[in-house]
Amino acid sequence: MYSDVSIAGDPLALPHLLPPVPQHPRTVAEFAGLARSIAADRERWASQVRYDATTRWYARLRRGPGYEVWLLSWLPGQTSGLHDHGLSSGVLTVLQGALRERALPGASVGGVGREVNRVLSAGAQRAFAPGYVHEVVNDALEPAVSLHVYFPGLTKMTPYACTSAAPRADTSRAAAAG
């Protein structure tokens, strides 16, 4: 008795007949590389950018198994407010312009380390773990554009109200991608 395998041979022994195995980022370095590859393909994202004078504009560019990629625009003066990203890690990449990041290490667990302020120019990247509390602001005179990769996909953002003593979770408002 003959079977398809005995006649045609084992298809697994002929890799050129198999579809390619999809490759998905699995490490922070691979997610940062994904962000860099999207950033380098300006034609892919530049035509999608919109500006909104009333709030930061954002759109999801891509969704994959366990991650999301968001494109954000920032007019001068626009801010994310102080927030964390729940259980998501992330990579923030500035595509155009400059943004200032203010980070409060340890704020999500009730402590506050030394506040860190840094200016992120086009091409700069920041990776962060779950619970990372920061604020991103365009305090420049030109618009800015950024790319955000969240893994797992962003399901929660906790806004914080910052006092001189310590930030506290602010449950009075909902947050959007940032």
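Phenylalanine 128 and tyrosine 132 are both buried, where buried means under 20% relative accessible area, exposed over 50% and partly exposed in between, using a 1.4 Å probe and protein chains only. This is a predicted model, in which local features need pLDDT of at least 70 and side-chain atom pairs count only at pLDDT 80 or more, while totals for chains, interfaces and linings use all residues. Residues are numbered from 1 along each chain as its sequence is written, and side-chain values use heavy atoms, with hydrogens and water left out.

**Rings**

The structure holds four aromatic pairs. Rings of Phe, Tyr and Trp (its six-membered ring) pair if their centres lie within 6.5 Å; planes under 30 degrees apart count as stacked, over 60 as edge-to-face and the rest as tilted. One of the pairs joins phenylalanine 31 and phenylalanine 151: the ring centres are 3.9 Å apart and the planes sit at 5°, so this pair is stacked. Phenylalanine 31 belongs to helix α2 (residues 28-40) and phenylalanine 151 to strand β8, so the pair ties together parts that are 120 residues apart in sequence. Helices (H or I, at least four residues) and strands (E, at least two) are DSSP runs, numbered from the N terminus. Both phenylalanine 31 and phenylalanine 151 are buried. Back to phenylalanine 128 and tyrosine 132: their ring centres are 5.4 Å apart with planes at 15°, so they are stacked too. Ring pairs also link Phe31, Tyr67 and Phe151 into a cluster.

**The five-stranded sheet**

Five strands make an open sheet in the order β1-β2-β8-β3-β6, with antiparallel pairing. (Two strands pair if DSSP finds at least two bridges between them.) At the edges stand β1 (57-64) and β6 (125-128), each with a single partner strand, so one side of each has no neighbour in the sheet. From one strand to the next, the twist averages 15°. Axes here are lines fitted to C-alpha atoms, for helices over the stretch in contact, and angles run from 0 to 180 degrees between N-to-C directions. Helix α2 packs on this sheet, touching β1, β2, β3, β6 and β8, and its direction makes about 25° with that of β3.

Here are some of the strand pairings, each with one bridge from it.

| Strands | Bridges | One bridge |
|---|---|---|
| β1 and β2, antiparallel | seven bridges | arginine 62 opposite valine 69 |
| β2 and β8, antiparallel | seven bridges | serine 73 with valine 145 |
| β3 and β8, antiparallel | seven bridges | glutamine 96 with valine 145 |
| β4 and β7, antiparallel | four bridges | glutamate 101 with valine 136 |

Why is β8 described as largely enclosed by the rest of the structure? Eight of its eight residues are buried, so the rest of the structure largely encloses β8. Both faces are covered: Ala144, Ser146, His148 and Tyr150 lie on one side, with Val145, Leu147, Val149 and Phe151 on the other.

**The cores**

The largest nonpolar core has 17 residues, and Leu71 and Val149 have the most contacts inside it. A nonpolar core is a set of buried Ala, Val, Leu, Ile, Met, Phe, Trp, Tyr and Cys residues joined through side-chain atoms within 4.5 Å. Each of α2, β2, β3 and β8 supplies at least two residues of this core, and the largest share, five residues, comes from α2. There's also a second, separate core of 15 residues, which includes Trp70, Trp74, Ala103 and Tyr150.

**The smaller sheet and two buried side chains**

Three strands form another open sheet in the order β5-β4-β7, again with antiparallel pairing. Its edge strands are β5 (116-121) and β7, each pairing on one side only. The twist in this sheet averages 20° from one strand to the next.

Asparagine 138 lies in the loop between β7 (134-137) and β8 (144-151). Its relative accessible area is 0%, so asparagine 138 counts as buried. The asparagine 138 side chain reaches the backbone nitrogen of alanine 140 at 3.0 Å.

Glutamine 78 sits in the loop between β2 (67-74) and β3 (89-96), and is buried with a relative accessible area of 9%. A polar atom of the glutamine 78 side chain lies 2.7 Å from the backbone oxygen of aspartate 52. Beyond its neighbours within four places in sequence, glutamine 78 is in contact (heavy atoms within 4.5 Å) with residues including Asp52, Arg56, Val136 and Asn138.

Methods: A polar contact is a pair of N or O atoms within 3.5 Å; within protein, one must be able to donate a hydrogen and the other to accept it, and residues adjacent in sequence count only if both atoms are side-chain atoms.
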